[in-house]
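Grab a pencil and work through these exercises on the model shown below. Try each task yourself, then read the solution step by step.

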Amino acid sequence: GGPRALEELFVDLGKFVEQKFGPMFIVQHMPAGFTLQLADRLKKISGLNFKEAVHNETVQHSTIYIAPGNFHMELRSDPDQSVKIILHQKEQRHSVRPSAEFMFETAAPIYRSKMLSFVLTGMGDDGIEGIPVVKKHMGKVITQTQSTCAVYGMPKAVDDAGLSDGSESLQG
């Protein structure tokens, strides 16, 4: 369900987003090799600048980074005020790699109240430990509505914990 949800989210967003926007980060539970194809597909259908993240690259505005399959993605703020992507293969969290936990936990202290997080359709509860870090730093969290989820697992975990700032449909 995740790739389809991303297509629905970004196909129309490309028409409305200005050419300049802050960076975006996606953690999709996919095996190695498939995330590059996903980035290429999303770029083609949306016209936005999607790419598979590369270890130690400097984050650029107007770019949407997808964590490579089998790698967790963290963000690190450098002394020169740039943000770097750190990829690693530490233990799985919630039985997945990549896990959204690392990205939420490291992005929140950097982007603070400017951080808007989406938890879309997916099995399990990946993200449930990182979302409180987002909230602690005054970021916002939106979940996908149950009626539009292929699997209402991850959004349900966030909703049930009372951590969502609202739920939105991806359809119409």
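**Exercise 1.** In this predicted model, find out in which sense E2 and strand E3 pair, and over how many bridges.

*Solution.* Start with strand E3, which covers residues 64-66. Put E2 beside it: the two pair in the parallel sense, over 3 bridges. For one concrete spot, look at Glu52, which stands opposite Ile66 in E3. As background, strands of a sheet pair through backbone hydrogen bonds, either parallel or antiparallel.

**Exercise 2.** Work out the strand order of the open sheet that holds E1, E2 and E3, and say why one side of E1 and of E2 has no neighbour in the sheet.

*Solution.* Step one: the sheet has 3 strands, and reading across it gives E1-E3-E2, with parallel pairing. Step two: strand E1 (24-26) and strand E2 (50-52) stand at the edges, and each has a single partner strand, so one side of each is left without a neighbour in the sheet. Step three: check the twist. Neighbouring strands here are turned by 25° against each other on average, if you ignore direction. Now add a helix: H1 (residues 2-16) packs on this sheet and touches E1, E2 and E3. The direction of H1 makes about 160° with that of E1.

**Exercise 3.** Describe how H1 and helix H2 lie against each other: at what angle do their axes cross, and which residues meet?

*Solution.* Two packed helices are described by the angle between their axes and the distance between the axes. Here, the axes of H1 and H2 (residues 34-46) come within 8 Å and cross at roughly 30°. Angles under 35 degrees count as roughly parallel, and therefore H1 and H2 are roughly parallel to each other. As for handedness, H1 passes H2 in a right-handed crossing. Next, list who meets whom: from H1 come Pro3, Leu6, Glu7, Phe10, Val11 and Gly14, and from H2 come Leu38, Arg41, Leu42, Ile45 and Ser46. Sort the residues of this contact and you get 7 nonpolar, 2 polar and 2 charged.

**Exercise 4.** What joins the side chains of Arg4 and Glu8, and how many residues apart do they lie?

*Solution.* Their side chains meet in a salt bridge, at 3.3 Å from N to O. Both residues sit in helix H1, 4 residues apart, which is about one turn of the helix. The structure holds 9 salt bridges.

**Exercise 5.** Now do the sheet with E6, E7 and E8: which strands stand at its edges?

*Solution.* The 3 strands form an open sheet in the order E6-E7-E8, and the pairing is parallel. The edges belong to strand E6 (116-119) and strand E8 (166-168). From one strand to the next, the twist averages 30°. E6 and strand E7 (residues 140-144) pair in the parallel sense over 4 bridges; in E7, Ile142 is the bridge partner of Phe118.

**Exercise 6.** Where does Pro98 lie, and where does Ser62 lie?

*Solution.* Most residues other than glycine have a negative phi, and most peptide bonds are trans. Pro98 lies in the loop between strand E5 (83-88) and helix H3 (100-111), and a cis peptide bond joins Arg97 and Pro98, with omega about 15°. Ser62 lies in the loop between E2 and E3, and its phi is positive, near 60°.

Key:
Residues are numbered from 1 along each chain as its sequence is written. This is a predicted model: local features need pLDDT of at least 70, side-chain atom pairs count only at pLDDT 80 or more; totals for chains, interfaces and linings use all residues. Side-chain values use heavy atoms; hydrogens and water are left out. Two strands pair if DSSP finds at least two bridges between them. Axes are lines fitted to C-alpha atoms, for helices over the stretch in contact, and angles run from 0 to 180 degrees between N-to-C directions. Contact means heavy atoms within 4.5 Å. Angles under 35 degrees count as roughly parallel, over 145 as roughly antiparallel, 65 to 115 as roughly perpendicular and the rest as oblique. A crossing is left-handed if the near helix is turned anticlockwise from the far one by less than a right angle, and right-handed if clockwise. Ala, Val, Leu, Ile, Met, Phe, Trp, Tyr, Cys and Pro count as nonpolar, Asp, Glu, Lys and Arg as charged, and the others, Gly among them, as polar. A salt bridge is a side-chain nitrogen of Lys or Arg within 4 Å of a carboxyl oxygen of Asp or Glu.
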